[in-house]
Amino acid sequence: MPITIPEDPFHRRLHHIAPGGLTSETAQTGGMHRRAAISGKTVGSSRLWMGQTHVAPATSSANHHHGESETAIYVVSGTPSFVFVDIEREEPVEVRIDTKPGDYIFVPPYVPHREENPDPDLEAIVVIARSTQDAIVVNLDELTWNGPVLTSR
């Protein structure tokens, strides 16, 4: 259903999306379940995507990046880890950032990464906002580095 925007920008309506209104009709990555809340399809957004990601216990996502999107992540529950290759060191090193509820992560455009939920019992839930209207997801075979893993807390 196409969304038409009134010519008068001061008289458009707000959109309320309750948890039951999230949709799984968005790009997915193995090991995760993304649910869109704010998008072109759901509310007519043209420059923003926002939603939730659920990572099952003891699960890792596929390696992926989000194209031209800047991605902001807020940890709602669980203790997810975010893994990427830090190429700004003398030699590239795979780095793991362990998080907890209340933490934020920023993923720059095109940075390969993966999410992991090391907890054997609890699902991890994060809220994601992207600078593009579409949830761009490019799945990858690897992060391009198989070196040592550093932990940042």
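What follows is a conversation between two readers of this predicted model.

Colleague: How many helices and strands does the secondary structure of the protein chain come to?

Modeller: Read from the N terminus on, the elements of the protein chain run β-α-β-β-β-β-β-β-β-β-β-β-β. Counting by type, the secondary structure of this predicted model comes to one helix and twelve strands.

Colleague: Among contacts between residues at least 6 apart in sequence, what percentage join residues at least 24 apart?

Modeller: A contact here is a pair of residues with heavy atoms within 4.5 Å. Taking the contacts in the protein chain between residues at least 6 apart in sequence, the share that joins residues at least 24 apart is 72%.

Colleague: Which strands each supply at least two residues of the largest nonpolar core?

Modeller: The largest nonpolar core has ten residues in all, namely A36, W49, I73, V75, F82, I105, V107, V126, I128 and A135. The strands that each supply at least two residues of this core are β5, β8 (104-107) and β10 (124-130).

Colleague: Is Y74 buried or partly exposed, and what is its relative accessible area?

Modeller: Y74 lies in strand β5, which covers residues 71-77, and together with V76 and Y104 it makes a nonpolar surface patch of about 320 Å². Buried would require a value under 20% and exposed a value over 50%, so Y74 counts as partly exposed, with a relative accessible area of 32%.

Colleague: Where is N63 placed, and why does it count as buried?

Modeller: N63 has its place in strand β4, residues 63-65. Leaving aside residues up to four places away in sequence, N63 touches H113, R114, V138, N139, L140, D141, E142 and L143. Because buried means under 20% relative accessible area, N63 counts as buried at 11%.

Colleague: Which side chain does the side chain of N63 meet in a polar contact?

Modeller: Two partners have to be kept apart here, since a polar contact requires N or O atoms within 3.5 Å. The side chain of N63 reaches the backbone oxygen of D141 at 3.4 Å, which is a backbone atom rather than a side chain. The polar contact with a side chain, at 3.1 Å, is made with R114.

Colleague: What are the strands in which R96 and E116 lie, and how many residues apart are the two?

Modeller: The side chains of R96 and E116 meet in a salt bridge, with N to O at 2.2 Å. This pair links distant parts of the chain, R96 lying in strand β7 (residues 93-98) and E116 in strand β9 (residues 113-117), and the two are 20 residues apart.

Colleague: Are R96 and E116 buried or exposed, and which residues are joined into one network by salt bridges that share partners?

Modeller: Both R96 and E116 are buried. Salt bridges that share partners join these two with others into one network, whose members are E94, R96, R114 and E116.

Colleague: Which residue of the D86 and R89 salt bridge is buried, and which is partly exposed?

Modeller: The structure holds five salt bridges, and in one of them the side chains of D86 and R89 meet at 3.0 Å, N to O. Since the cut-off for buried is under 20%, D86 at 16% relative accessibility counts as buried. The partly exposed partner, with a relative accessible area of 39%, is R89.

Colleague: What is the relative accessible area of K100, which forms a salt bridge with D103?

Modeller: In the salt bridge between D103 and K100, the closest N and O atoms are 3.5 Å apart. K100 is partly exposed, and its relative accessible area is 49%.

Technical notes
Residues are numbered from 1 along each chain as its sequence is written. This is a predicted model: local features need pLDDT of at least 70, side-chain atom pairs count only at pLDDT 80 or more; totals for chains, interfaces and linings use all residues. Side-chain values use heavy atoms; hydrogens and water are left out. Helices (H or I, at least four residues) and strands (E, at least two) are DSSP runs, numbered from the N terminus. Buried means under 20% relative accessible area, exposed over 50%, partly exposed in between (1.4 Å probe, protein chains only). A polar contact is a pair of N or O atoms within 3.5 Å; within protein, one must be able to donate a hydrogen and the other to accept it, and residues adjacent in sequence count only if both atoms are side-chain atoms. Patches are made of residues with over 30% relative accessible area and no salt bridge: like charges are joined within 9 Å, nonpolar side chains (Val, Leu, Ile, Met, Phe, Trp, Tyr) within 5 Å. Accessible areas come from the Shrake-Rupley method with a 1.4 Å probe; for residues, only the protein chains shown count as cover. A salt bridge is a side-chain nitrogen of Lys or Arg within 4 Å of a carboxyl oxygen of Asp or Glu. A nonpolar core is a set of buried Ala, Val, Leu, Ile, Met, Phe, Trp, Tyr and Cys residues joined through side-chain atoms within 4.5 Å.
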